[in-house]
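Thanks for sharing this one. Here are a few notes to read alongside the structure.

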Amino acid sequence: MKAMLALMMIAASALAADERRSGADFMSPATQAMQRDDTQNPAMLWISNGEAQWNTAAGGSGKSCASCHGDAKNSMRGVAARFPAFHRDRTINLSQRINICRERKQQATPWRAESEELLGMEAYVAMQSRGMPVTPPQDQDTRASAARGQQLYFQRIGQLNLSCAQCHDQQAGKRLGGSTIPQAHASAYPIYRLEWQAMGSLQRRLRNCMSGVRAEVPPYGAQELIELEAWLAVRDQGMKIETPGVRP
């Protein structure tokens, strides 16, 4: 375990000194402008819904998120930058943390993964950290999850026998099917993809990639997906949160 953590720290240090580029840098000027301008960014529709949900009482407790946390612009500042994080007995992402609060504090039914409600709330919470640096937790349990995610990132999978690194490290900046291959950075999620005509989570994108290489696709919330998210947070350390992102 110590050797694995040491390897991860070395990789993270190397990333800190490289020329990392946001996925936004690979987009057309029109799409970049759409992300920058909140009046043009279609993701703001979901965020508006998330803000409404923040202030709406739900469940048996009759409480809203604001009942406990107050104004999200203050209480949620920097929160998204610290996820995934270890919670009790496992590493969780931000959407799972939202559902834990919903179930235990509001006594309400958890939102379905990739539902409009959960995406809206996650994007609303994440937007409060926009412009802040990604700061992955340094506790041993979260770092161990990220180390396992690192192994998955470099592991060849599927009938095409490809790894994440082969596309997003070795081929970044080249073109595939008419689109530029970006580096693997996740600081803009949840994002609005023009291809989807909708918001989507990082797990949706990861599952799309796995399907693309003809690999077995794990279900939403699978621990291997969380661990990949934890590794991507290490890769992103120090990069700015961009949520809500827009991508082609």
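The points below go from the overall fold to the charged side chains.

1. A word on the source to begin with: this is a predicted model, so please read every value here as computed from that model.

2. On secondary structure, the chain holds 11 helices and seven strands. Two of the helices, helix 9 and helix 11, come up again in point 6, together with strand 3.

3. The overall dimensions fit together nicely. A compact globule of 248 residues would have a radius of gyration near 18 Å, and because the chain has 18 Å, the two agree. Along the principal axes, the C-alpha atoms fill a box of roughly 50 × 45 × 35 Å.

4. How is the chain packed and covered? Of the 248 residues, 49% are buried. Among contacts with a separation of 6 or more, 69% join residues 24 or more positions apart. The accessible surface is about 12,300 Å², and carbon and sulfur atoms account for 51% of that area.

5. Turning to charge, the chain has 29 positive and 23 negative charges, and their mean positions lie 1 Å apart. Side chains of opposite charge can pair when their charged atoms come close. How many salt bridges does a search of the whole structure find? The search gives seven, and three of them are worth a look one by one in the points that follow.

6. I would look at Arg235 and Asp169 before the others. Their side chains meet in a salt bridge with an N to O distance of 3.1 Å. The pair links distant parts of the chain, 66 residues apart: Arg235 belongs to helix 11 (residues 223–235), while Asp169 sits in the loop between helix 9 (164–168) and strand 3 (175–176). Is Arg235 buried or exposed? With a relative accessible area of 4%, Arg235 falls under the 20% cut-off and is therefore buried. Asp169, at 34%, is partly exposed.

7. Next comes Arg247, which forms a salt bridge with Glu242; the closest N and O atoms are 3.5 Å apart. Here Arg247 is buried, at 11% relative accessible area, and Glu242 counts as buried too, at 15%.

8. Finally, Arg21 pairs with Asp25 in a salt bridge whose closest N and O atoms are 3.9 Å apart. The cut-off for a salt bridge is 4 Å, so this pair is counted. Arg21 is partly exposed, with 36% relative accessibility, and Asp25 is partly exposed as well, with 40%.

Methods
Residues numbered from 1 in each chain as written. Predicted model: local features only at pLDDT ≥ 70, side-chain atom pairs only at ≥ 80, totals over all residues. Heavy atoms only, no water. Helix = DSSP H or I, 4+ residues; strand = E, 2+ residues; numbered from the N terminus. Rg over C-alpha atoms; globule rule 2.2 N^0.38 Å. Buried < 20%, exposed > 50% of the residue type's maximum accessible area, 1.4 Å probe, protein only. Contact = heavy atoms within 4.5 Å. Areas by Shrake-Rupley, 256 points an atom, 1.4 Å probe, with all protein chains shown as cover. Lys, Arg positive; Asp, Glu negative; His and termini not counted. Charge placed at Lys NZ, Arg CZ, Asp CG, Glu CD.
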